[in-house]
Amino acid sequence: MVQKTKKIWMDGAYIDWDKANVHILTHTLHYGLGVFEGVRCYKQADGTSAIFRLKEHMNRLYESAHMFWIKIPYAKEELISVSKEIYKINGLEEGYLRPLVYIGDGAMGINAPENPVRVAMITWHWGAYLGEEGLTNGIRTKFSSFNRLALNVNFSKSKACGNYINSILAKREAKLAGYEEALMLDRDGYLAEGSGENIFIVKDGIVRTPPQSSSILNGITRLSVIQILQDHKIPVKEEMIVREDVYVADEIFLTGTAAEITPVREVDHHEIGTGKPGPITKKVQEIFFDAVRGKISRYKEWLEVL
């Protein structure tokens, strides 16, 4: 369950958590057209708090909205300011931030271009998305029978509300089968991503991840991990990956704002490597968590201090 905080920012005002409601005819509720982001704030080693790659997340929010002809009625700089202020108002030293842009009530029907565009910013405390045990020892996954959205079906590069029905189907199928997470192929049978994470596989010391040109969300944590690997002279390639390569990988890990860096120890009853997080996965985890907590000077540019 989400842990309540004091206030939610809605359309320019801070509202009590329990009063932050929308009308039943809110267009996004019926048709799924909306965009959002997921952002984390971390307590720093020096006792301050900082938001991880806030500007990049806001850039993607505005890009996602632009793809769908949604004009956000606030300047990007204002939402960046609110992102920092709302943590302070809610007394959170660290936690998760959900910016949400959605279409309000008014006209019904699929096309309602005159309906108001509404914006909300919500913060709460959110621990490890796939569990602390998963972060430490790895998770069990399965390939979903549902393919990742094809590039010409929707804007798969956008972080759009409706796109996540595809992910929900994959996740529920995996959970019902007794796994923690789903892996998804694209319509051509190549590896795409998890239900809400990007994926990296390691074989013979080389790290591979599906390319941006594939049917993936170009994750901000994904880009950060690629930079970490390059900075530490660990070979990394963006290329198409087939399912068999996943089964015989030495290591696999998932990345995302919610999942952070989560190892995978099993896929479809195939043990991955030794069945435990491998050395490259553990090194990436260590560097990433040091970076987001302000312990590595070269990555300080990723942090927006509150």
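A residue counts as buried when its relative accessible area is under 20%. The views below show a predicted model.

**View 1. An aromatic pair between strand β5 and helix α8.** With a relative accessibility of 4%, Phe-52 falls under the cut-off and therefore counts as buried. Phe-288 is likewise buried, at 1% relative accessible area. The two ring centres lie 5.6 Å apart and the planes meet at 80°, so the pair is edge-to-face. Phe-52 belongs to strand β5 and Phe-288 to helix α8, and 236 residues separate them. Both residues are part of one aromatic cluster that also holds Phe-289, Tyr-299 and Trp-302.

**View 2. A stacked pair of Phe-200 and Phe-253.** Here the centre-to-centre distance is 5.0 Å, with 10° between the planes. Because Phe-200 lies in strand β11 and Phe-253 in strand β14, the pair ties together parts 53 residues apart in sequence. Both residues are buried.

**View 3. The largest pocket.** The space in this pocket is about 1,300 Å³. Its lining comprises 47 residues, of which Phe-36, Tyr-96, Arg-98, Trp-126 and Tyr-164 are closest to the centre. Helix α5 gives the largest share of the lining, six residues. By class, 22 of the lining residues are nonpolar, 17 polar and eight charged.

**View 4. Helix α6, residues 220-231.** At 1.5 Å a residue, its 12 residues should span 16 Å, and the end C-alpha atoms, 17 Å apart, agree with this. Among the buried residues of α6 are Ile-220, Val-225 and Leu-229. Just after the helix, Lys-233 takes a positive phi of about 60°.

Terms used
Residues are numbered from 1 along each chain as its sequence is written. This is a predicted model: local features need pLDDT of at least 70, side-chain atom pairs count only at pLDDT 80 or more; totals for chains, interfaces and linings use all residues. Side-chain values use heavy atoms; hydrogens and water are left out. Helices (H or I, at least four residues) and strands (E, at least two) are DSSP runs, numbered from the N terminus. The expected span of a helix is 1.5 Å times one less than its number of residues. Buried means under 20% relative accessible area, exposed over 50%, partly exposed in between (1.4 Å probe, protein chains only). On a 1 Å grid over the protein atoms alone, a cavity is a set of points where a 1.4 Å probe fits but cannot get out, and a pocket is an open set with protein on both sides within 12 Å along at least five of seven lines; lining residues have an atom within 4 Å of a point. Grid points are joined across faces, edges and corners, and a volume is the space filled by probe spheres set on the points. Ala, Val, Leu, Ile, Met, Phe, Trp, Tyr, Cys and Pro count as nonpolar, Asp, Glu, Lys and Arg as charged, and the others, Gly among them, as polar. Rings of Phe, Tyr and Trp (its six-membered ring) pair if their centres lie within 6.5 Å; planes under 30 degrees apart count as stacked, over 60 as edge-to-face and the rest as tilted.
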